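Work through the exercises below with the sequence and the structure in view. Try each task before reading its solution.

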Amino acid sequence: MIIVDTKLKEREAQGNPIQVGIIGAGEMSAGLINQIERYVPGMRVACVYNRTLEKAQRAYQTAGVSEVSVLTSANSLDDCIGSGTASVTDDPGVILGAGRIDVVVEMTGTIQFSFDLIIQSFAAGKSVVSFNAELDATVGPYLQLKAREAGVRYTLGDGDQPGVTLNLMRFVQGMGFKPQVLGNIKGMLDHYRTPETQKGFAEKSGMSVDMVTSFADGTKVSLEQACIANATGFRVAKRGMISIDYTGHVDDLTGRYDFDDLQANGGIVEMVIGGKPGPGVFVFASTDDPVSARFLNYGKLGDGPLYSFYIPYHLLFFELPSSIARLVDFQDGTLDALDSLSVEVIATAKQDLKAGDTLDGIGGFAVYGECENHSIVQSDGLLPVALSKGRTLAKDVPKDAAIAWSDLKPELSGSVESAYRAIIA
């Protein structure tokens, strides 16, 4: 937040806050609304879209905003912004069409709806901050291309592990070190968790059961690490990542990686299961400079060749306003995919699946996601997990087998699949 906080205070003093339009009013969105409205000077939540207006209104009320207008037109939103009145709508076009909205924040966690909404935002001249690793891991390069063509910006936001990791990576690079491992510290992993096993936890946490299931079965962390890989060109050392199971501190793991292999891969994305400090992120980096190496040793970071840097937390929506301000005021993206995919997340069978079964997608009963290098995904014709929902199997697929496009019945593709095919063409 350094520099960003100064700029936001300047905006507040000038009476010129960043006007944010939020798409979706789920748990993370409600937290963001509370954070901006209560604690972020120089920024306002101008309007929230949600299919259920009551949910959006409730999020504002929780944030201490009592006066909320229900809008049906973009002109009325511009008027509300002028008068400082918060608003909600069940038509996303109201936000996209308002001239005084500075940025759109997409927080629905969907695939098809989110993709279409982001593309529509670009067409309306709106930059987008996304909190959707599922979508970015699959078609991030396409969204970056379309944003550039429209003369706007698109980035994946801070607060979730991908953004936090990229911030740490940039910090490490700024000191002259070369990142070799970009890691995620995960508490547990069980590929066979289902909405049935996670139902109680979902109800207790107030999150959707499919989201909670994707956390437990490893799909979410795989998608997050794929986002990081696709923003850096890093790869995975093996399908599913090495995934060291270790309950100690990640500092102790710098000797567990083959340094020559890391250099041959150009760096890898990785996760550690059960490690500390959780739920944080880490960067293992190297240096060729003997002066740097000497002072890293003096600073108690060891003898190399890998040195451990970490952040012991990721703060969800608390950190997202920083990404919003960075994009609007400094044209600085938190995590921007490169022009092509480096790592994909493939659909792998949670159980023995039969011909005629319909896949239920991320966080369901049928599949879990695993990271695999893009070159192998394409050579083997494997199915991305984010494109699996609703697809029907033409063949039996055994438990723990990767599902291929050739295992599916031919069906019409949607706009997300079309975008994916444009990337890999």
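The model shown is predicted.

**Exercise 1.** Classify phenylalanine 318 as buried, partly exposed or exposed.

Solution. The relative accessible area of phenylalanine 318 is 47%. Buried requires under 20% and exposed requires over 50%. Phenylalanine 318 is therefore partly exposed.

**Exercise 2.** Do the same for phenylalanine 317, then classify the ring pair of phenylalanine 317 and phenylalanine 318.

Solution. Phenylalanine 317 has a relative accessibility of 14%, so this residue counts as buried. Next, take the two rings. Their centres are 4.4 Å apart, and the planes of phenylalanine 317 and phenylalanine 318 meet at 35°. Planes under 30 degrees apart would be stacked, and over 60 edge-to-face. The pair is therefore tilted.

**Exercise 3.** How many aromatic pairs are there, and of what kind is the pair of phenylalanine 122 and tyrosine 154?

Solution. A pair needs ring centres within 6.5 Å. By this rule there are 9 aromatic pairs. For phenylalanine 122 and tyrosine 154, the centres are 6.2 Å apart and the planes are at 75°, an edge-to-face arrangement. Phenylalanine 122 belongs to helix α6 (residues 112–123) and tyrosine 154 to strand β7 (residues 154–156), so the pair ties together parts 32 residues apart in sequence. Both phenylalanine 122 and tyrosine 154 are buried.

**Exercise 4.** Which residues place a charge over the rings of tyrosine 192 and tryptophan 405?

Solution. Over the face of tyrosine 192 lies lysine 399, at 4.2 Å from the ring centre. For tryptophan 405, the charged end of arginine 421 sits over the ring, 4.3 Å from its centre.

**Exercise 5.** Describe the surroundings of lysine 220: is this residue buried or exposed, and what is it in contact with?

Solution. Start with the location: lysine 220 is part of helix α11 (residues 219–232). Its relative accessibility is 10%, so lysine 220 counts as buried. Now list the contacts, leaving aside neighbours within four places in sequence. Lysine 220 touches Ala133, Glu134, Asp160, Ser214 and Phe215.

**Exercise 6.** Where does isoleucine 3 lie, and which residues make the nonpolar surface patch of about 340 Å²?

Solution. Isoleucine 3 is found in the segment before α1 (4–14). With 54% relative accessibility, isoleucine 3 counts as exposed, because the cut-off is over 50%. The patch is made by Ile2, Ile3 and Phe330.

Conventions:
Residues are numbered from 1 along each chain as its sequence is written. This is a predicted model: local features need pLDDT of at least 70, side-chain atom pairs count only at pLDDT 80 or more; totals for chains, interfaces and linings use all residues. Side-chain values use heavy atoms; hydrogens and water are left out. Patches are made of residues with over 30% relative accessible area and no salt bridge: like charges are joined within 9 Å, nonpolar side chains (Val, Leu, Ile, Met, Phe, Trp, Tyr) within 5 Å. Accessible areas come from the Shrake-Rupley method with a 1.4 Å probe; for residues, only the protein chains shown count as cover. A salt bridge is a side-chain nitrogen of Lys or Arg within 4 Å of a carboxyl oxygen of Asp or Glu. Helices (H or I, at least four residues) and strands (E, at least two) are DSSP runs, numbered from the N terminus. Buried means under 20% relative accessible area, exposed over 50%, partly exposed in between (1.4 Å probe, protein chains only). Rings of Phe, Tyr and Trp (its six-membered ring) pair if their centres lie within 6.5 Å; planes under 30 degrees apart count as stacked, over 60 as edge-to-face and the rest as tilted. A charge sits over a ring if NZ of Lys or CZ of Arg is within 6 Å of the ring centre and within 35 degrees of the ring normal. Contact means heavy atoms within 4.5 Å.
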